[in-house]
Amino acid sequence: VPHKGAAEGVATLRQAGLVSRDDETDDRAARLRFPDPEVVAAVGFSMLPAQRRQVHGRISEALRPRARKESRWLPVLADQLQRSGQIAAAWPMLVEAAHRALRLRQTELAWTWLHRAMETRGVGEPAMDLLTRQHTRVHLYAVEGALWALQQAWGRAAEAWQQGVESAVAAGDAEAERRSRVGLTQALLGMGMFGAALEASEGALTGLGRGDPSWPRAIALRAVLQLTQGDSAAAADGWRALADFGEEVGQAATQGNALAWLAEIACLEARWDEARARAEEGLTRRGLPDADRVRLLSVMLAAASARGASGEVQTHASAALALAADGATRREPLVAAAALSLCRNLLDAGLIAEARAALPSEALLSADPLDAPRAQRLALGARLELTHSPVEAAQRARQARLLPLPRLPWLAALCALDLASAQEPAAPDDARTSAALARESLPAAGLDGLRRRIERSP
């Protein structure tokens, strides 16, 4: 910081060993370091509060030009502004620091900056003009909603994103409004409020072009929601659009995920030739995440089983199990979630030992109520117990039923069918109750393939 006598003061400090010069910097902009954190604490402790604020103010002034050029300096500037007592100037910087930490996936740091922004909001907001205030609120609620979503606290996330929508509307920022509506859609989906979520998704997509970064996520959310309503044709249209988009822009992961969904929808409708074709197409893509590759191989296995092609079943089972085992070693939750479907399809194909190997560890599964992977695992475990003791299988199924079924209708139905299969030999009344639950889980229309499968159950 330019200051009278600074050079002489720095020289004195260096001679005393209290600071050292960073040799990586040039002569025009020397950078100094404290050799030990305790020295920093001692210097700060020796200052009066007014002196400390003055020093932080000088540092913030020196940092402003650098922060304008390099965003990595924004958190430092925000910190110095707050410490210097410039709360009004610090508030938007703290929000931006939280946003930057979130982008870098530094979740704990993002929470820290967000809490500091919340603490300074009461002083910072009144000092701003109305439009800037509304724009800053939009960013604040976007970060808060995203952080709650990472914790699957969907109610809190929905509240934050709804406030973001309202702030964006007040600011006249249509783009920010659409982004907030996409977040709100995700939160309402997580809460199981499918009708409200579908309405929010339509609002998010209004005016949202393919070039917008939020477009793929918005399309994917709407496709899932359309499937919850039993409209598999509309859902498939959305996933086809995403598959085409992924191919156009060279995003193999986007394309592979979309093709996996298309293959799984065909499975739910018992259109086995289509399921196989979609899965084969997806498996040719390079850069496909292992979780989607397991999903596609699981579909290939189910399609081969439906045709009675036992050799293909074994081939696909071996490939999928190898990927699932590798994912378990790397402790990847998405691979573990995909392994649940693999385990179910292996059981349906009569490959008990392979199904037992596919069943993922509970420690790798999330507690997300949307797909309730732990409830699915317990139901599949009950089915596996049939080979040892039908009575024990029925008891395990009864314990599994204490957990809520997945909120997604098709997963709820499949989970209930797993329970019915485990209960049928030793507890037929319980099996009929579970089968009825599977029927009730489905929407009023659509998903006819799965509906026929339920009708063939006990």
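**Salt bridges, aromatic pairs and a buried serine**

Because Asp429 and Arg432 are three residues apart in helix α22, which spans residues 428–441, about one helical turn separates them. In this predicted model, the side chains of Asp429 and Arg432 meet in a salt bridge, with a distance of 2.2 Å from N to O. The two partners fall into separate classes of accessibility: Asp429 counts as exposed, since its relative accessibility is 51% and the exposed class begins over 50%, whereas Arg432, with a relative accessible area of 45%, is partly exposed. Salt bridges that share partners also occur in the model, and they join Arg344, Asp348, Arg383, Asp418 and Arg453 into one network.

In total, the structure holds 28 salt bridges. Side chains of opposite charge can pair when their charged atoms come close. One of these salt bridges connects Asp326 with Arg330, whose closest N and O atoms are 2.2 Å apart. For Asp326, the relative accessible area is 36%, which places the residue in the partly exposed class, and Arg330 likewise counts as partly exposed, at 36% relative accessibility. A further salt bridge is formed by the side chains of Arg278 and Glu281, for which the N to O distance is 3.5 Å. Both Arg278 and Glu281 belong to helix α14 (residues 272–283), where they lie three residues apart, or about one turn of the helix. Glu281 has a relative accessibility of 29% and therefore counts as partly exposed.

Aromatic side chains provide a second set of contacts, and the structure holds four aromatic pairs. Among them, Trp111 and Trp148 form a pair that is edge-to-face, with 4.9 Å from centre to centre and an angle of 70° between the planes. This pair links distant parts of the chain, as Trp111 lies in helix α6 (residues 107–124) and Trp148 in helix α7 (residues 130–150), 37 residues apart. Both members of the pair are buried: Trp111 counts as such because its relative accessibility is 13%, and Trp148 because its relative accessibility is 15%, each value being under the 20% that bounds the buried class.

Another aromatic pair, that of Trp239 and Trp261, is stacked, with 5.0 Å from centre to centre and 5° between the planes. Trp239 is located in helix α12 (residues 232–249) and Trp261 in helix α13 (residues 252–268), so that the pair ties together parts of the chain that are 22 residues apart in sequence. Here too, both residues are buried, Trp239 with a relative accessibility of 2% and Trp261 with a relative accessible area of 17%. Trp239 and Trp261 are, in addition, members of one aromatic cluster, which they form together with Trp410.

A buried position is also found at Ser167, which is placed in helix α8 (residues 154–171). The relative accessible area of Ser167 is 5%, so this residue is classed as buried. When neighbours within four places in sequence are left aside, the residues in contact with Ser167 are Gln134, Arg137, Val138 and Tyr141.

Notes:
Residues numbered from 1 in each chain as written. Predicted model: local features only at pLDDT ≥ 70, side-chain atom pairs only at ≥ 80, totals over all residues. Heavy atoms only, no water. Phe/Tyr/Trp six-rings, centres within 6.5 Å; stacked < 30°, edge-to-face > 60°. Helix = DSSP H or I, 4+ residues; strand = E, 2+ residues; numbered from the N terminus. Buried < 20%, exposed > 50% of the residue type's maximum accessible area, 1.4 Å probe, protein only. Contact = heavy atoms within 4.5 Å. Salt bridge = Lys/Arg side-chain N within 4 Å of Asp/Glu carboxyl O.
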